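Subject: Handover of the structure

Dear colleague,

I am passing the structure below on to you, and since it will be new to you I have added some notes on what was found in it. Please read them with the structure open beside you.

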Number of protein chains: 2
Amino acid sequence: MRAKNKAVGDQIQNGGEVNQTVSLKELARHLNLSPTTLSLVLNDAPASVSIPQETKDRIHRAAREFNYRPNFLARSLRAQRTFTVGVLVPELSDGYSAMVLGGIEDFLIQENYFYLVASHRHDDVLLEQYRRLLCERRVEGLIAVDTLCGGKDSPLPVVTVSGHAGAKEVTNVALDHTRAAIVAIEHLKTLGHTRIAFIKGQDFSSDTEVRFAAIRHAMKSFDLRIDEKLVAQLEGNSPSPELGYVATRKLLATKHNFTALFAFNDVSATGAIRALQEAGKNVPEDVSVIGFDDVYSAAFQNPPLTTVRQPLREMGKLAAETLLKRLSAGRDTESPRLLTVQPELIVRESTATCSS
Amino acid sequence: MRAKNKAVGDQIQNGGEVNQTVSLKELARHLNLSPTTLSLVLNDAPASVSIPQETKDRIHRAAREFNYRPNFLARSLRAQRTFTVGVLVPELSDGYSAMVLGGIEDFLIQENYFYLVASHRHDDVLLEQYRRLLCERRVEGLIAVDTLCGGKDSPLPVVTVSGHAGAKEVTNVALDHTRAAIVAIEHLKTLGHTRIAFIKGQDFSSDTEVRFAAIRHAMKSFDLRIDEKLVAQLEGNSPSPELGYVATRKLLATKHNFTALFAFNDVSATGAIRALQEAGKNVPEDVSVIGFDDVYSAAFQNPPLTTVRQPLREMGKLAAETLLKRLSAGRDTESPRLLTVQPELIVRESTATCSS
DNA sequence: AGCCTTTACTAAATCGTTTTACTAGATTGG
DNA sequence: CCAATCTAGTAAAACGATTTAGTAAAGGCT
């Protein structure tokens, strides 16, 4: 018995620092009890009613003393649960994904989950590879942000944020683009604009198509025409305003006049404003510019950006919440295919009444 | 034997879709071999030399057919390795952390590692709790970004990015602040500025103190004086330009004149410019503004921001690389306590010669 | 024929938990 | 006084791999 105690003691003392880990077995041996008993007591299992308080105290005391931490791997293996979800994003360092991720994290950590992230840069091969790696690591579900992620061959529950609505088993958290287009176009029309230019998103972005369809629809309902020459598109996948800058230069090069520009997001709006100013056009006097997202810096652009706010953080939170709800509900229960959140028009100083 | 095969077959067929998981044992039973043999062959272990090619082929074929994926948990438990590191950041949605995280990810994923993130919002209690949770999940090491993370009581290897140099066992990846201060101040002095205002970072930010000390030193070496009334500090922990805006309003309220402003980062510089313009001061004609970091949007501010570039992505990469190197080196080997990266002055249009 | 190698495998232990099914001894009820 | 119940636990299986230490059969050598 002395010898046994010594074994544990040695390990604890070694190096003069707190030891890395004591296993349940070691702790049990030290207390002359079986691992079963410790497990029962430490997890406060129903079966522990028959264990006298004194023994319980002994166990708790020892656990604290030796800083016992159950091995998460062993536990997960046994319970077949990892309390981990996988998150797929196009790119971490653009504000959009980071914001959504922030919301996801808020919710997950509060529920004692963690997440593994992988960014695929819109490369389908990478995406598929990461999806597999995440499955292999036994994540319990996936959240795909602005990513086309087929739920068909996935045995895991998937929730998308701004994904393609449509895959049968996945829930998609998305903005009400119809409404977003309406508030933006209405704002411009009220200011007297009729010649409006657009910067569409990249093809790989899930929002691009829906949003532009919504814009077409809104334009029609306000009796406005879209001049196809005044539609540019972001190209490349850098999260820099550069792309908006380039797109706007193209618009200017057509020599078709426009008095307002609706950009795909705030970042590209920033680049657009720069291009306009370089071309000698003042914002908003000569051209009104309206962005999308309402990232932190939008309010502090020069001029401060009028934009359609997308509640990104809440969308992330909602996605995480939905995923966990689905996990606990078992795979038979149906869940909604679409959860819509509402945009909000934030009027600042990059839009003004049409002067021409 | 028929019956055995049928068992696996059933599972595979069920639901008409690819089944979630086949274990090694099931696969072995199906092939009438032992799990050992399969493990040896699938991992191409040295002991598999004696297995005839035909058997190997059979095994590989079956593994592919049934889409066998080894259970990562079981493997990790056995090998006592998780190929996972923990990352602690103050806040995900500010550009700084996201950028560093991007670099960390690049390197880790390429090395077949994943990472778990937790953001502590500069709350010491949360930080400690997350550190423990990460340990419990058996991460092999920690990367702390802009976070005071004592390595003393941590049994895990720690690498910090812009952490406090000093903790004995941790490697810190940091900018050469001395050099950064020199290039910035030199630039302003060359432009003729002598009355320079400063916005310091928040107290909780690890960079704040070192950087300001470096600035003091640089100012002295250029024979310039710091007017303590012209030193403001960011307060609060929102990643919005608002904080820089507020700080600048305070500076303006002192009525002490200044012709240049050195902000703690690009985000606060953006807010500062806004405050200056509202006060009727033009940038750079009346006041030159210099930022820090060179985030994506810096080049597209109005005016485009002169700034001290910090290679954040590379810093993340370097941190990850250092951590993995240390992991494979075993805990006896010494590693450097400080890895310094170099800043770069990016001159744009928010600074100009002093006119007054 | 007898011994040694090689070939082609397998049994069992292990990682650290949880859980189910037990048991020995004490107490209680009728 | 005997059976049932309660108390205070424990042994062993399981989760799904990896690894060590075998073994049975075949072939080669003298």
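A word on terms before the findings: helices and strands here are DSSP runs numbered from the N terminus, a helix being H or I with at least four residues and a strand being E with at least two. Please also keep in mind that this is a predicted model.

**The two DNA strands**

With those terms in place, helix 3 and helix 5 of chain A, together with helix 3 and helix 5 of chain B, each supply at least two residues of the surface near DNA strand D. That strand is surrounded by 26 residues, the closest being Ser34(A), Ser23(B), Ser39(B), Asn71(B) and Ala74(B). Helix 5 of chain B makes the largest contribution to the surface near DNA strand D, with 5 residues, and by class this surface has 13 nonpolar, 10 polar and 3 charged residues.

Around DNA strand C there are 28 residues, of which Leu24(A), Ser39(A), Asn71(A), Ala74(A) and Ser34(B) are the closest. Two or more residues of the surface near DNA strand C come from each of helix 2 (24-31), helix 3 (35-42) and helix 5 (72-79) of chain A, and likewise from helix 3 (35-42) and helix 5 of chain B. Here the largest share, 5 residues, belongs to helix 5 of chain A, and the surface near DNA strand C divides into 14 nonpolar, 10 polar and 4 charged residues.

**How the two chains meet**

Between the protein chains, 41 residues of chain B are in contact with 41 residues of chain A. On the side of chain B that touches chain A, at least two residues each come from helix 5 (72-79), helix 6 (95-110), strand 2 (114-119) and helix 11 (266-278) of chain B, with helix 6 of chain B giving the largest share, 7 residues. The residues on this side of chain B are 21 nonpolar, 13 polar and 7 charged.

A turn of 180° with a shift of 0.0 Å along the axis lays chain B on chain A with an RMSD of 0.1 Å, which is the relation of a two-fold axis. Because 100% of the interface residues of chain B are also interface residues in chain A, the copies meet through the same surface.

**The nonpolar cores**

The largest nonpolar core has 174 residues, and within it Ile143(A) and Ile143(B) touch the most other members; helix 6 of chain B gives the most to this core, with 8 residues. Leaving aside residues up to four places away in sequence, Ile143(A) touches Val85(A), Val87(A), Ile104(A), Val159(A), Val161(A), Ala319(A), Ala320(A) and Leu323(A). Apart from the largest core lies another, of 6 residues, among them Leu73(A), Leu77(A), Leu73(B) and Leu77(B).

**Two helices of chain A**

Helix 12 (residues 312-329) of chain A has 18 residues and reaches 26 Å from its first C-alpha to its last, close to the 26 Å expected at 1.5 Å a residue. Its buried residues include Leu312(A), Ala319(A), Ala320(A) and Leu323(A), and the helix is followed by Gly330(A), whose phi is positive, near 80°.

For helix 4 (residues 53-65) of chain A, the 13 residues should span 18 Å at 1.5 Å a residue, and the end C-alpha atoms are indeed 18 Å apart, which agrees. Just after helix 4 of chain A, Asn67(A) takes a positive phi of about 55°.

With best wishes

Definitions and conventions: Residues are numbered from 1 along each chain as its sequence is written. Chains are lettered from A and ligands numbered from 1 in the order in which they are written. This is a predicted model: local features need pLDDT of at least 70, side-chain atom pairs count only at pLDDT 80 or more; totals for chains, interfaces and linings use all residues. Two residues are in contact if their C-beta atoms, placed from the backbone, lie within 7 Å. Ala, Val, Leu, Ile, Met, Phe, Trp, Tyr, Cys and Pro count as nonpolar, Asp, Glu, Lys and Arg as charged, and the others, Gly among them, as polar. Copies are superposed by least squares on the C-alpha atoms of residues with pLDDT of at least 70 in both. A residue is near a molecule or strand if its C-beta atom, placed from the backbone, lies within 6 Å of it. A nonpolar core is a set of buried Ala, Val, Leu, Ile, Met, Phe, Trp, Tyr and Cys residues joined through C-beta atoms within 7 Å. A residue is buried if 20 or more other C-beta atoms lie within 10 Å of its own, exposed if 12 or fewer, and partly exposed in between; C-beta atoms are placed from the backbone. The expected span of a helix is 1.5 Å times one less than its number of residues.
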